[in-house]
Amino acid sequence: MTDRAPPGRMLQRLVAGPTLVSHALWFDRLESTNAEAARRAAAGADEGLLVLTDEQTAGRGRLGRTWHAPPGSSLMGSLLLRPGLPIAALPQLPLLIGLALAEACEPLVSGTQVSLKWPNDLLVDGRKCAGILVESARPDAMIVGIGLNVDWRAVDRPDDLVAATSLSEVGRGPIDRWRLLIALIDRLDQRYRAWCETPGDFLPAYRERCATLGSVVRVDRVESPPVIGTAERITDAGALIVATGDAMLELHAGEVHHLRAA
Ligand code: BTN
């Protein structure tokens with residue numbers, strides 16, 4: 001594993017040249033990078049603020065869950081975006097980020113299948129390797145939080161994480177977190193700029209990579225009963241259409257379990 005904190009030149013490189021990142025902040029430990037970025041967004045921070053940490057004391061996951069990652073094991077950060085697109089396009093953003101993350105990680109685990117579980121869990125060889133939490137923050141800001149398991153080989157995993165994996169377990173040896181961060185920012189930059197120009201254009205590439213499509217799934221929902229059926233389609237707004245036998249349901253949130261692969 002690389003050093004716990006990024007070398008200073010790495011943070012400088014992140015903000016140098018034409019890049020999405022306008023300002024990068026490192027914290028050895030933080031409650032949650034999303035919470036910190038949201039606080040700064042509310043205080044007027046510019047688009048492109050990147051908040052990074054090695055350890056979170058109250059990391060947030062999707063659907064009200066918590067996110068755990070031992071120090072030194074992961075890349076964890078939040079990027080403040082102010083897309084200025086119509087509200088109708090914003091539900092696409094979590095999918096776009098998932099696609100960029102998959103594209104950035106793929107070269108490190110070549111020969112291994114890198115796919116997405118709707119909406120944006122990164123799967124490597126079918127196991128979760130990263131999670132993304134996109135939250136809106138006032139005024140007109142989106143906070144994109146990414147937790148990527150880089151090297152969990154020495155990690156004692158709690159029961160709920162035994163099924164997860166990390167890039168080093170499936171890649172070819174140690175991975176430099178900071179080089180990976182640069183590659184990820186590059187990819188996010190390209191995808192995000194293209195999205196701001198022509199919002200729907202990335203959807204075919206997303207669908208191509210989405211392992212949920214065509215699979216038999218159970219979708220757990222926070223305040224409604226689970227749905228079991230076949231994942232038929234992803235709409236242009238990013239919703240998942242599930243055929244249950246007697247209905248076609250349009251789902252906007254939920255935890256997907258692949259029961260039978262496509
Ligand atoms: C999920 O539930 O799959 C999404 C997890 C997102 C975790 C990341 S870690 C960095 C950022 N800060 C947070 O508090 N959460 C996100």
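Here is a short chat about the ligand site and the largest cavity in this predicted model.

Biologist: Hi! Where does the ligand sit?
Modeller: Hello! In this predicted model, the ligand is found in the largest pocket.

Biologist: How many residues surround the ligand, and which are the closest?
Modeller: There are 21 around the ligand, and the closest are Ser32, Thr33, Arg60, Arg62 and Lys128.

Biologist: Which polar side-chain atom lies 2.7 Å from an oxygen atom of the ligand?
Modeller: That one belongs to lysine 128. Arginine 65 has a side-chain N or O atom 3.1 Å from an oxygen atom of the ligand. Glutamine 56 places a side-chain N or O atom 2.9 Å from a ligand nitrogen.

Biologist: And how much of the ligand does the protein bury?
Modeller: The protein buries 99% of the 420 Å² that the ligand exposes when taken alone.

Biologist: Nice. What classes of residue make up the shell around the ligand?
Modeller: The shell has eleven polar, five charged and five nonpolar residues. Strand S6 (127-137) is among the elements supplying at least two of them, and S6 gives the largest share, with four residues.

Biologist: Changing topic: how much space lies in the largest cavity?
Modeller: About 110 Å³. The structure holds one cavity of 30 Å³ or more.

Biologist: Which residues lie nearest the centre of that cavity?
Modeller: Leu50, Gly77, Ile146, Leu181 and Leu184, out of 14 lining residues. The lining has twelve nonpolar residues, two polar and no charged.

Biologist: Which element supplies the largest share of that lining?
Modeller: S3 does, with five residues. Strand S2 (49-53), S7 and helix H5 (177-197) are also among those supplying at least two each.

Conventions:
Residues are numbered from 1 along each chain as its sequence is written. This is a predicted model: local features need pLDDT of at least 70, side-chain atom pairs count only at pLDDT 80 or more; totals for chains, interfaces and linings use all residues. Side-chain values use heavy atoms; hydrogens and water are left out. A residue is near a molecule or strand if one of its heavy atoms lies within 4 Å of it. A polar contact is a pair of N or O atoms within 3.5 Å; within protein, one must be able to donate a hydrogen and the other to accept it, and residues adjacent in sequence count only if both atoms are side-chain atoms. Accessible areas come from the Shrake-Rupley method with a 1.4 Å probe; for residues, only the protein chains shown count as cover. On a 1 Å grid over the protein atoms alone, a cavity is a set of points where a 1.4 Å probe fits but cannot get out, and a pocket is an open set with protein on both sides within 12 Å along at least five of seven lines; lining residues have an atom within 4 Å of a point. A molecule sits in a cavity or pocket if more than half of its atoms lie within 2 Å of its grid points. Ala, Val, Leu, Ile, Met, Phe, Trp, Tyr, Cys and Pro count as nonpolar, Asp, Glu, Lys and Arg as charged, and the others, Gly among them, as polar. Grid points are joined across faces, edges and corners, and a volume is the space filled by probe spheres set on the points.
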